[in-house]
Amino acid sequence: MPELPEVEVLRRDLDKETSGKKIKSVEVFDERSIKRNANVKAFVNALEGKKITSVSRTGKWLDLALDKTDHLVIHLGMSGQLLKATPKSEDPDHLKVRLSFTQGGALLFIDPRIFGEMAVLSGEEFAATEDIQDLGLDALDQQISWAEFGRMLMSRRTKLKSLLMDQKFIAGLGNIYSDEVLFNAGLMHDRVSNSLSAQEVRRLYRAVIEVLQEAVKYRGSTLSDGGYVDLFGKPGDYRQYHKVYDREGEACRRCRRPVVKAKISGRSTYYCEACQV
Ligand SMILES: [Zn+2]
């Protein structure tokens, strides 16, 4: 599942490739991918002839501004992909929506498992959409003080991994980056948030920022399922820098002991028993 770094990489790609382009035609191949709009006709009419003026991001929602008034929002869900189509490229499997541009080229939305979606929202609708507005701290966009972060942690009594994955606490962290953050902070997944010392709070906050920034720098994580690719179909390189995630039995990069994998609340959790307390 794409997490914050992967969505930010796509945002940057989309901003470069689609800002300033005018949407000539829209084809919807599966109505389930545009379920927030009334029907296919309404979705198509709201897009055709509009210009994409900029591309921003709220948590894991991509937000393409249309003529500076409406919003084309996109969520990739579990398995969604956005690809730039070249004139020669064949339609990929599970193609759900194609936006073709007046200037040539097209943007494809592919989604095998249909947990993702595209929607056109007016400014008012955008502001009233809880899924988008009700998100926590965006660790790539909003810098807060570690003291403020400490207050956020102390106000909760939740195990750290669950808290890091809570979208209302921090937007965009999932299974991969919560494990990487906790390793970098030297903290175990089941530590309770209000038990952290001031030094541990600082380490955790620094780890959140550093891991996400590094992951964006290496263009996100593509695991062996190949699920995530950038706008040009290329995998991210950050998987090779993972310290624990998807490295069961391999040597910890700090102490050389084998990385442990455990199933916790139905999720795979990776950690080092020696380096995390
Ligand atoms: Zn270790």
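1. Let me start with histidine 189, which lies in the loop between α7 and α8. This is a predicted model, and in it the residue has a relative accessible area of 11%, so histidine 189 counts as buried. Setting aside neighbours within four places in sequence, histidine 189 is in contact with Lys159, Leu160, Lys161, Leu182, Ile264, Thr269 and Tyr271. One of these, Leu182, is itself a buried residue of α7.

2. The helix before that loop is worth a look. Helix α7 spans residues 175-185, and because 10 of its 11 residues are buried, it is largely enclosed by the rest of the structure. The buried set consists of Asn175, Ile176, Tyr177, Ser178, Asp179, Glu180, Val181, Leu182, Phe183 and Ala185. You will notice polar side chains in that set, including Asn175, Asp179 and Glu180. The cover over the buried residues of α7 includes α1 (4-18), α6 (160-165), α8 and β10 (267-271). Just after the helix, glycine 186 takes a positive phi of about 70 degrees.

3. On the other side of the loop comes α8 (198-217). With 20 residues, α8 reaches 29 Å from its first C-alpha to its last, close to the 28 Å expected at 1.5 Å a residue. Its buried residues are Glu200, Val201, Leu204, Tyr205, Ala207, Val208, Ile209, Val211, Leu212, Ala215 and Val216. Among the elements covering them are α1, α5 (146-154), α6 and α7. Arginine 219, which follows α8, also has a positive phi, near 65 degrees.

4. Two aspartates sit in the loop between α8 and β9, and I would read them side by side. Aspartate 225 is in this loop, as is aspartate 230. Aspartate 225 has a relative accessible area of 64% and is therefore exposed, whereas aspartate 230, at 4%, is buried. The side chain of aspartate 225 reaches the backbone nitrogen of glycine 227 at 2.9 Å. For aspartate 230, the side chain reaches the backbone nitrogen of phenylalanine 232 at 2.8 Å.

5. What surrounds aspartate 230? Not counting residues up to four places away in sequence, aspartate 230 touches Val9, Leu10, Asp13, Leu82, Leu83 and Arg219. The last of these, Arg219, is the residue with the positive phi after α8. For aspartate 225, there is a distance to leucine 108: the two are 117 residues apart in sequence and 20 Å apart in space, C-alpha to C-alpha.

6. Now to the metal. Which residues hold the zinc ion? Coordination comes from the SG atoms of Cys252, Cys255, Cys272 and Cys275, at 2.2 to 2.4 Å. In sequence these donor residues are spaced C-x2-C-x16-C-x2-C. The 4 donor atoms subtend angles of 100 to 114 degrees around the zinc ion, so the arrangement is tetrahedral. For reference, the ideal angle for four tetrahedral donors is 109.5 degrees. Cysteine 252 has 0% relative accessibility and therefore counts as buried, while cysteine 255 has a relative accessible area of 27% and is partly exposed.

7. The strands β9 (260-264) and β10 (267-271) pair in the antiparallel sense over 5 bridges. Isoleucine 264 has arginine 267 of β10 as its bridge partner. The two strands form a hairpin with 2 residues between them, and serine 265 in the turn has a positive phi of about 50 degrees. This hairpin also brings us back to the opening point, as Ile264, Thr269 and Tyr271 are among the contacts of histidine 189.

8. Finally, consider strand β3 (residues 61-66). As 6 of its 6 residues are buried, β3 is largely enclosed by the rest of the structure. Trp61, Asp63 and Ala65 point one way, and Leu62, Leu64 and Leu66 the other way. That pattern is expected because side chains alternate between the two faces of the sheet in a regular strand.

9. β3 has antiparallel partners on record here in both β2 and β4. Strand β2 (residues 52-58) is joined to β3 by 6 bridges, with serine 56 partnered to aspartate 63. Their hairpin has 2 residues between the strands, and glycine 59 there takes a positive phi near 55 degrees. Strand β4 (residues 70-75) is joined to β3 by 5 bridges, with leucine 62 opposite isoleucine 74. In this second hairpin 3 residues lie between the strands, and aspartate 67 in the turn has a positive phi of about 45 degrees.

Methods:
Residues are numbered from 1 along each chain as its sequence is written. This is a predicted model: local features need pLDDT of at least 70, side-chain atom pairs count only at pLDDT 80 or more; totals for chains, interfaces and linings use all residues. Side-chain values use heavy atoms; hydrogens and water are left out. Helices (H or I, at least four residues) and strands (E, at least two) are DSSP runs, numbered from the N terminus. Buried means under 20% relative accessible area, exposed over 50%, partly exposed in between (1.4 Å probe, protein chains only). A polar contact is a pair of N or O atoms within 3.5 Å; within protein, one must be able to donate a hydrogen and the other to accept it, and residues adjacent in sequence count only if both atoms are side-chain atoms. Contact means heavy atoms within 4.5 Å. Donors are N, O and S atoms within 2.8 Å of the metal (3.2 Å for Na, K and Ca); water is not among the atoms, so sites may look incomplete. Four donors count as tetrahedral if all angles lie between 85 and 135 degrees; four count as square planar and six as octahedral if opposite donors are over 155 degrees apart and all others between 65 and 115; anything else is irregular. The expected span of a helix is 1.5 Å times one less than its number of residues. Two strands pair if DSSP finds at least two bridges between them.
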